[in-house]
Amino acid sequence: MAKKVFITGANVFLGAALQEYFKEQQPFFKIFGVDCRISLSSRHFFLCSLNNQKEILEIISRLRPDYILYLAGGRMNMEKDILSVKVLPHTRVAVHGPCL
């Protein structure tokens, strides 16, 4: 079964590069993402700001990703919120930048 990867900041430089990398690794990975500026044309991507904590946590709870790559700027404590979602005990979170 494919591992689910959820990328915040999916349209930024690093997020876009990682999307391409994981697409090349299919069928081992299934890519999902969120970005606040540009709507991505896919049912696997969401237009949403990290400031909308409720919606982001709902998306993550619904997707139940195996990996979260936190690459977006903005809400500095969001990774703590993500880690606190109780339905994701198996999820691994990677944070880029000084967010902790």
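A polar contact here is a pair of N or O atoms within 3.5 Å, where one must be able to donate a hydrogen and the other to accept it. Keep that in mind for Asp35, whose side chain reaches the backbone nitrogen of Asn11 at 3.0 Å. One thing up front: this is a predicted model. The chain has 100 residues, and buried residues make up 40% of them. Below is a quick tour, starting with the overall layout and then moving through the cores, helix 2 and a handful of individual residues.

**Overall layout**

- The chain contains three helices and five strands.
- Reading from the N terminus, the elements go β-α-β-β-α-β-α-β.
- Take the contacts between residues at least 6 apart in sequence: 59% of them join residues at least 24 apart.
- The chain's accessible surface is about 6,100 Å², and carbon and sulfur atoms account for 56% of that.

**The nonpolar cores**

- In soluble globular proteins, nonpolar side chains tend to be buried together.
- The largest nonpolar core has 13 residues, and the members that touch the most others are Phe6, Val34, Phe46, Ile56 and Leu63.
- Strand 2 (29-35), helix 2 (53-63) and strand 4 (67-70) are the elements that each put two or more residues into this core.
- Helix 2 is the top contributor, giving four residues.
- Phe46 is worth clicking on: leaving out residues up to four places away in sequence, Phe46 touches Phe6, Gly33, Val34, Asp35, Ile59, Arg62 and Leu63.
- There's also a second, separate core of eight residues, with Val5, Phe45, Leu69 and Leu71 among them.

**Helix 2, side by side**

- The buried residues in helix 2 are Ile56, Leu57, Ile59, Ile60 and Leu63.
- These five cover an arc of only 155° around the axis, so they sit on the same side of helix 2.
- Flip to the face turned away from that buried side and you'll find the exposed residues Lys54 and Arg62.
- Right after helix 2 comes Arg64, with a positive phi near 50°.

**Arg64, the odd phi**

- Most residues other than glycine have a negative phi.
- Arg64 goes the other way, with a positive value near 50° in a residue that isn't glycine.
- Arg64 belongs to the loop between helix 2 and strand 4.
- With a relative accessible area of 40%, Arg64 is partly exposed.

**Asp35, an acid on the inside**

- Asp35 sits in strand 2.
- Its relative accessible area is 7%, so Asp35 counts as buried, the cut-off being under 20%.
- Setting aside residues up to four places away in sequence, Asp35 touches Gly9, Ala10, Asn11 and Val12, along with Phe46, Leu47 and Cys48.
- Asn11 is thus on the contact list of Asp35, and its backbone nitrogen is what the Asp35 side chain reaches at 3.0 Å.

**His44 and Leu47, around strand 3**

- His44 is in the loop between strand 2 and strand 3 (45-47).
- Despite being in a loop, His44 counts as buried, at 16% relative accessibility.
- Ignoring neighbours within four places in sequence, His44 is in contact with Lys30, Ile31, Phe32 and Gly33.
- Leu47 is part of strand 3.
- At 46% relative accessibility, Leu47 is partly exposed.
- Leu47 and Ala10 are 37 residues apart in sequence, and their C-alpha atoms are 10.0 Å apart in space.
- Both Leu47 and Ala10 are touched by Asp35.

**The salt bridge**

- Side chains of opposite charge can pair when their charged atoms come close.
- The structure has one salt bridge.
- The partners are Lys23 and Glu20, whose side chains meet at 3.8 Å, N to O.
- Lys23 and Glu20 are three residues apart in helix 1 (residues 13-24), so about one helical turn separates them.
- Lys23 is partly exposed, at 39% relative accessibility.
- Glu20 is partly exposed too, at 45% relative accessibility.

Key: Residues numbered from 1 in each chain as written. Predicted model: local features only at pLDDT ≥ 70, side-chain atom pairs only at ≥ 80, totals over all residues. Heavy atoms only, no water. Core = buried A, V, L, I, M, F, W, Y, C linked by side-chain atoms within 4.5 Å. Buried < 20%, exposed > 50% of the residue type's maximum accessible area, 1.4 Å probe, protein only. Contact = heavy atoms within 4.5 Å. Arc of directions from axis to C-beta. Areas by Shrake-Rupley, 256 points an atom, 1.4 Å probe, with all protein chains shown as cover. Salt bridge = Lys/Arg side-chain N within 4 Å of Asp/Glu carboxyl O.
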